[in-house]
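Colleague: Got a minute to go through this one with me? I'd like the pocket, the salt bridges and the odd backbone spots.

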Amino acid sequence: MKRSLAIVITLLLALMIMSSALAVASTDTITALLPFRPNTPFGAYLGQVFNLFEQTHPGVKIKWISGGSWGDYIKKLGTMLGARQGPDVAYGNANYLFVPGRGAGLASADSLTIPDKYFTKDERLGMGAAVIGSVSIPGRGIVVWPWHLYIGGISTMIANEDILREAGFDPNKIRKNGWTIKQFLELGSKVVKDLNGDGKPDRWLFYPVNSDHMRIGIFPVYLSKKRPLLEQWTLDYFFDTKTGKLKDPELLHRAFQYLYDLVHKYKYAPAAAVSKSMGDASDAFLRGELAFVANGPDYLSTVKEHNRMVLEGQIKGKVIHAGIVPMPYLNEPGHGPIRPGLAVYGFYNFKQNPYKGDEHTKHVMEFCDFITNIVFQPILAAEGFMSPDRRLFATRYAMAANLYDTNDPSVRYWLNDMRNNALPSLSQYACVAFTKAFREAKGKWFHDSFIPALEGMIAGKLTADEAFNEVKVAAEKLPYPRVNKDKLRDITNSINKLIKEEQEESKMFK
Amino acid sequence: MFKLIKRNYVYNEWFWAYVFLAVDLAWSTLFLFYPMIKGVIYSFQDIRLQNISNPHFIGFKNYINVLTDPDWWHSVKVSAVYTLGVVPMGIIIPLTISLLLAHFRRSIRDFFKAAFYLPGVVSAVIMAMTLKWIFDPMAGFMNWLLSLLGLPTQLWYSSTSEALLTLIIMNWLSSHGFNILLYSAALDRIPKSLYEAAEIDAASSWRRFWKITWPLLKPTTLYVLIISVIGSFQAFGGAFFITHGGPMKATEFLNYRIYVTFYQFGEYGVAATMSVLLMLIVIAVSLLNFKIMGSEVEY
């Protein structure tokens, strides 16, 4: 009797294990690494979209891995890729994925092509030049579904408009007409103040930290020079795409001197902040201690959240009226306003090669189609789930600038400007024209020479001349050959073709 | 049948010893030895994010590249200076506190031991953020204190010349709890009869320390020395959370350099090489400590 019972129990157990295994086997899991947090309103919305996908695709489960902050997310993605455990789907912008020196850099791509396989010619034309960010790497199985356009943070500054108005500057006029470095310095003389009477300034133009020293300190001089489109819109600011040599060294020298003067001569930015982080700068901005931070436009959402909490009494502080303003430019012949950069953000499929018939790949493709489907875009906008800048939607069906209602005039200005004028970043194309050895070496150059020299200059350890010389000498030591000429020719041709397409397309919207 | 098993194995201590050791060995193999061996293999390969699907053997090229890289040697210097700054105080401060605590009754001793150990259980991030605020060059507690005393304020971690010293001071202020516990336990183990005999011989307290306490604490000191050296050569948190290796690479520790090489540059082979070299440095320094201190240790 006991033996029979044991046999029955064993058989039942085996049956249970087998049925569980079959159930697991019949469930296809798609891993999606996303920088959005499920516990935010937007995260909750995305969760609902994912649930809808699961309901309409029985047997497919979405495993959502939250990446935390953007920086953590990029590192996590890099680590997963490095460990060959890349997610099926990740969110991002091609710049983050292809730029050497970034966590998820995939700079060794030998050629980049728009995936015709998944987009018809009409669709591609509908997408316009913005599709330049939508690339796949043959043999590497990376395909992107573009989702929306994003104003490049590199060319925007977030201003505390209350401080600007107090100093007699109208942010709307700045947005309309642009402004020069001379005006920026004049603003500094009125803004930097000792407010609590302890003899030390406690309000500054900006913190010379992390990338702010670049965007507010170096770029106004260096990037305001008018250059051919290919040079203007390559992510590599410092090296000439055609020769691989340091671009305009004299101008870069002047840019170093400008930053040095901002910190040490005019004292509009505190040298003591050199080791602070972007987070510190962001906090100081919210405390009303800074007139500017260099950040992406989605930082406006952070300011809005801060204001809401202040108004509801959850935190102490003041409501801040913030908006995007253009970077000031050098008012000299050959220089002009710096145009905004534009990046395409979308969902990248890493793991699989383009669809060859296996079920998992098919599900991943369907999932990406589903979440980027145009049906969801108006819902996202209407529900306010996307920050204002994201309301310029780019889907596989309508990549052109469909300007939805935005509440923020500064954002509307930029979106209009971009719709009419700007082209997306051509960075990844120019980037791959450089040889592999050079791409890797200049990533190190930036970390090991450029940033330390800037920090040394801000901290007062180096003069502008010394810092620039260190950077220049280190740049000269980088290896040759630096440019793959054949690749550059192909890339230039494809860019020119896309520019023509963009021009044709933009006529439709005027 | 069961009886046979019982007779042969159940009461066989060796059998069970191997069973329990096997669990630990499997764990160590999976989570320690395998990654370590994999790391050593990577150090001989050209493996980076861009060619992860096609790594290939390149012999000692990574080692040559790292050892001829001035930035590597800069990081070695930063880590060595940090170690020299941190380790002696990591012995002196806990030993002094433990000797002072030894004079109090047990309940007070336990209270202080717990109090000193408490920072050790606080999250490293919270600890780093607190210390960052204390030493904030613009609005920190230390500068407020200096101003109050009429002394010049400092740039602390924002200065290229003070940043490393600031991280060393932060270590002095925050990480002695574990060593205090070790020294207190070691002091408790020294037989009272030795001190009583010394007292009868009219030995001064200074002499009692050098002739009884110090020699008998040497095994503990050797242990503290080695784990402190290993810990300080592997320092990372301060550079990661507070200084980001700067300013001007003033606090770019070896571990931070490895982190940057791995995550920022995506050069896994080079990062693995640096890790192997760091391991060799730590082993060499530990062996040197054994050589110098070990011969004098009385167990």
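Modeller: What follows is a quick run through those topics.

Colleague: Ground rules before we start?

Modeller: This is a predicted model, so local features need pLDDT of at least 70 and side-chain atom pairs count only at pLDDT 80 or more, while totals for chains, interfaces and linings use all residues. Residues are numbered from 1 along each chain as its sequence is written, chains are lettered from A and ligands numbered from 1 in the order in which they are written, and side-chain values use heavy atoms, with hydrogens and water left out.

Colleague: What volume does the second largest pocket have?

Modeller: About 1200 Å³. A pocket here is an open set of points on a 1 Å grid over the protein atoms alone, where a 1.4 Å probe fits, with protein on both sides within 12 Å along at least five of seven lines. Points are joined across faces, edges and corners, and the volume is the space filled by probe spheres set on them.

Colleague: How many residues line the second largest pocket, and which lie nearest its centre?

Modeller: The lining has 39 residues (each with an atom within 4 Å of a point). Nearest the centre are Lys444(A), Asp448(A), Asp69(B), Pro70(B) and Asp71(B).

Colleague: Which helices supply the lining?

Modeller: Chain A gives α18 (436-458) and α19 (464-476), and chain B gives α3 (61-67), α4 (70-101), α13 (254-264) and α14 (268-294), each with at least two residues. The largest share is from α18(A), with seven residues. Helices are DSSP runs of H or I with at least four residues, strands are runs of E with at least two, and both are numbered from the N terminus.

Colleague: How do the lining residues divide by character?

Modeller: 18 nonpolar, seven polar and 14 charged. Ala, Val, Leu, Ile, Met, Phe, Trp, Tyr, Cys and Pro count as nonpolar, Asp, Glu, Lys and Arg as charged, and the others, Gly among them, as polar.

Colleague: Salt bridges next. How many over all chains?

Modeller: The search finds 20. The criterion is a side-chain nitrogen of Lys or Arg within 4 Å of a carboxyl oxygen of Asp or Glu.

Colleague: Which residue does Asp71(B) pair with?

Modeller: Lys249(B), with the closest N and O atoms 2.4 Å apart. The two are 178 residues apart: Asp71(B) is in α4(B), and Lys249(B) is in the loop between α12 (237-243) and α13 of chain B.

Colleague: Is that pair buried or exposed?

Modeller: Buried, which means under 20% relative accessible area; exposed is over 50%, partly exposed in between (1.4 Å probe, protein chains only). Asp71(B) has 16% and Lys249(B) has 9%. Both belong to a salt-bridge network with Asp448(A), Asp69(B), Glu252(B) and Arg257(B).

Colleague: What does Lys276(A) bridge to?

Modeller: Asp136(B), at 2.6 Å from N to O. Lys276(A) sits in the loop between α11 and α12 (278-286) of chain A and Asp136(B) in the loop between α6 (124-134) and α7 (141-148) of chain B, so the pair joins two chains. Lys276(A) is buried at 8%, and Asp136(B) is buried at 11%.

Colleague: And which residues does Met138(B) touch?

Modeller: Leaving out residues up to four places away in sequence, Met138(B) touches Trp204(A), Tyr207(A), Pro270(A), Ala272(A), Ala273(A) and Lys276(A). Contact means heavy atoms within 4.5 Å. Met138(B) is in the loop between α6 and α7 of chain B and is partly exposed at 31%.

Colleague: Now the backbone. Where are the cis peptide bonds?

Modeller: One joins Tyr480(A) and Pro481(A), with omega about 0°. Another joins Gly246(B) and Pro247(B), with omega about -5°. Pro247(B) is in the loop between α12 and α13 of chain B, where Lys249(B) is also found.

Colleague: What is the phi of Lys249(B)?

Modeller: Positive, about 65°, although Lys249(B) is not a glycine. Trp156(B) is another non-glycine with positive phi, about 50°. Trp156(B) lies in the loop between α7 and α8 (163-174) of chain B and is buried at 10%.

Colleague: Last one. What span should α11(A) have?

Modeller: 24 Å for its 17 residues, taking 1.5 Å times one less than the residue count. The end C-alpha atoms are 22 Å apart, which agrees. Its buried residues pack against α8 (181-191), α9 (212-222), α18 and α19 of chain A.
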